[in-house]
Amino acid sequence: SYSKAWTMTNYMEEEFGYAVVDRKHGGKNGGKTYLTKEGSEFLEKYEVFEQNVRQFAKNEFERLFNKLL
């Protein structure tokens with residue numbers, strides 16, 4: 001949900017010690033949110049991390065279960 005996403009974002013920023021998003025509060029046309037430079041760098045690294053974890057899991061699955069499939 002929207003509120004859960006903001007709770008997670010706020011928690012992440014608190015844990016990291018820096019802002020990952022720049023908030024432009026609403027008004028007549030509503031607000032906007034942008035990734036900060038640090039947030040963008042984190043996202044890029046996280047995507048590489050996630051890809052590596054998926055590849056590792058795939059390799060391990062094949063190594064462990066290949067003979068059974």
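Two aromatic rings of Phe, Tyr or Trp count as a pair when their centres lie within 6.5 Å. With that in hand, welcome to this predicted model, in which ring pairs join F16, Y18, F42, Y46 and F49 into a cluster. Alongside the aromatic pairs, which number 6, the whole structure holds 6 salt bridges. Here is a short tour, starting with the first helix.

**Helix α1 and its end**

- Helix α1 runs over residues 2-16, which makes 15 residues.
- From first C-alpha to last, α1 reaches 21 Å, close to the 21 Å expected at 1.5 Å a residue.
- Just after α1 comes G17, whose phi is positive at about 85 degrees.

**Aromatic contacts**

- A pair of aromatic rings is described by the distance of the centres and the angle of the planes.
- One of the 6 aromatic pairs is formed by F16 and F42, with 4.8 Å from centre to centre and 50 degrees between the planes.
- That pair is classed as tilted because its 50 degrees falls neither under 30 nor over 60.
- F16 belongs to helix α1 and F42 to helix α2, so this contact links distant parts of the chain, 26 residues apart.
- Both rings keep some accessibility: F16 is partly exposed at 32%, and F42 is partly exposed at 31%.

**Salt bridges around strand β1**

- E13 and R23 meet through their side chains in a salt bridge, at 3.1 Å from N to O.
- Here too, distant parts of the chain are linked: E13 sits in helix α1 and R23 in strand β1 (residues 21-24), with their positions 10 residues apart in numbering.
- E13 counts as buried because its relative accessible area is 12%, under the 20% cut-off.
- R23, at 28% relative accessible area, is partly exposed.
- Another salt bridge joins the side chains of K24 and D22, at 3.5 Å from N to O.
- K24 is partly exposed with a relative accessible area of 46%, and D22 is partly exposed at 33%.

**A salt bridge within helix α2**

- K58 and E62 form a salt bridge whose closest N and O atoms are 3.2 Å apart.
- An α-helix has 3.6 residues a turn, so residues three or four places apart point the same way.
- K58 and E62 are 4 residues apart in helix α2 (residues 37-65), so about one helical turn separates them.
- K58 is partly exposed at 45% relative accessibility, while E62 is partly exposed with a relative accessible area of 39%.

Methods: Residues numbered from 1 in each chain as written. Predicted model: local features only at pLDDT ≥ 70, side-chain atom pairs only at ≥ 80, totals over all residues. Heavy atoms only, no water. Helix = DSSP H or I, 4+ residues; strand = E, 2+ residues; numbered from the N terminus. Expected span 1.5 Å × (residues − 1). Salt bridge = Lys/Arg side-chain N within 4 Å of Asp/Glu carboxyl O. Buried < 20%, exposed > 50% of the residue type's maximum accessible area, 1.4 Å probe, protein only.
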